[in-house]
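Reader: I should like to learn how to read a few features of a protein structure. Could you guide me through them?

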Amino acid sequence: MCIRDSTNIDGRIFIQNNQTLQDIAGLKNINPATIKGEGLVITNNPALSVCNLPNICTYLQGAGARNISDNAGDCILEQAVKNMCLPPTAPTALPATNITATGFAANWHMVANTTNYFIDVSTDPTFNTYLIGYNNLDVGNVRTLNITGIPDATLCYYRVRASNNSGNSPNSN
């Protein structure tokens with residue numbers, strides 16, 4: 001059985017001194033309630049930078065034993081992993097650029113702990129209606145998007161949300 005097929009540990013998860021491991025996605029099916037004893041130990045894995053698994057986040061909310069340290073990126077310390085377990089904060093929308101009669105570039109500041117962004121575009125400042133194709137559009141992990149197909153000289157508004165495995169941010173300004 002591969003670890004990715006495992007759902008129960010009935011013991012501890014101990015990942016240490018692995019020079020090539022880059023993520024722990026194989027642990028995504030582990031029931032956090034089955035991590036016992038010394039608990040979760042993820043230390044000294046210099047290439048390990050992806051630790052934002054929902055089940056690990058659930059485990060970190062409890063009182064179980066754990067040691068997460070000396071890894072890379074989002075796994076460097078326990079607090080970094082905990083930060084990935086939270087939805088991102090709202091991005092800040094920036095003024096549109098490259099404005100033409102039928103389009104513009106929507107821009108925003110990128111937010112930490114974000115995997116992708118969603119955008120809404122509307123002619124209504126309260127966003128009760130949306131331009132076709134621009135209602136909760138997943139645009140990936142970018143900070144600008146060219147908006148096209150706007151009726152000639154129509155005033156438009158846009159807002160953006162950041163997202164990660166733990167949820168979505170509130171809307172931008």
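Author: The following dialogue treats backbone angles, burial and a pocket in this predicted model.

Reader: Where does Asn-44 lie, and what is its phi value?

Author: Asn-44 belongs to strand S2, which covers residues 35–45. Its phi is near 55 degrees, which is a positive value in a residue other than glycine.

Reader: Is Asn-44 buried, partly exposed or exposed?

Author: Buried means under 20% relative accessible area and exposed means over 50%, with partly exposed in between. Because the relative accessibility of Asn-44 is 35%, Asn-44 counts as partly exposed.

Reader: What can be said of Ala-153?

Author: Phi of Ala-153 is also near 55 degrees, and Ala-153 is a residue other than glycine. Ala-153 is placed in the loop between strand S8 (144–147) and strand S9 (157–164). Ala-153 counts as exposed because its relative accessibility is 69%.

Reader: Which residues of helix H1 are buried, and what covers them?

Author: In H1, residues 54–61, the buried residues are Asn-55, Ile-56, Cys-57, Tyr-59 and Leu-60. Their cover includes S2, strand S3 (66–71) and helix H2 (78–84).

Reader: How is empty space found, and what lines the largest pocket?

Author: A probe the size of a water molecule, rolled over the atoms, shows where empty space is left. Here the largest pocket has a volume of about 200 Å³. Its lining has 16 residues, and Ala-96, Ile-99, Phe-104, Leu-155 and Cys-156 lie nearest its centre. Strand S4 (93–97) provides the largest share of this lining, 3 residues, while S4 and S9 each supply at least two.

Reader: How many of the lining residues are nonpolar, polar and charged?

Author: The lining of the largest pocket comprises 12 nonpolar residues, 4 polar residues and no charged residues.

Note on methods: Residues numbered from 1 in each chain as written. Predicted model: local features only at pLDDT ≥ 70, side-chain atom pairs only at ≥ 80, totals over all residues. Heavy atoms only, no water. Helix = DSSP H or I, 4+ residues; strand = E, 2+ residues; numbered from the N terminus. Buried < 20%, exposed > 50% of the residue type's maximum accessible area, 1.4 Å probe, protein only. Contact = heavy atoms within 4.5 Å. 1 Å grid on protein atoms, 1.4 Å probe; cavity = no way out; pocket = protein on both sides within 12 Å on 5 of 7 lines; lining within 4 Å. Points joined across faces, edges and corners; volume = space filled by probe spheres on them. Nonpolar A, V, L, I, M, F, W, Y, C, P; charged D, E, K, R; others polar.
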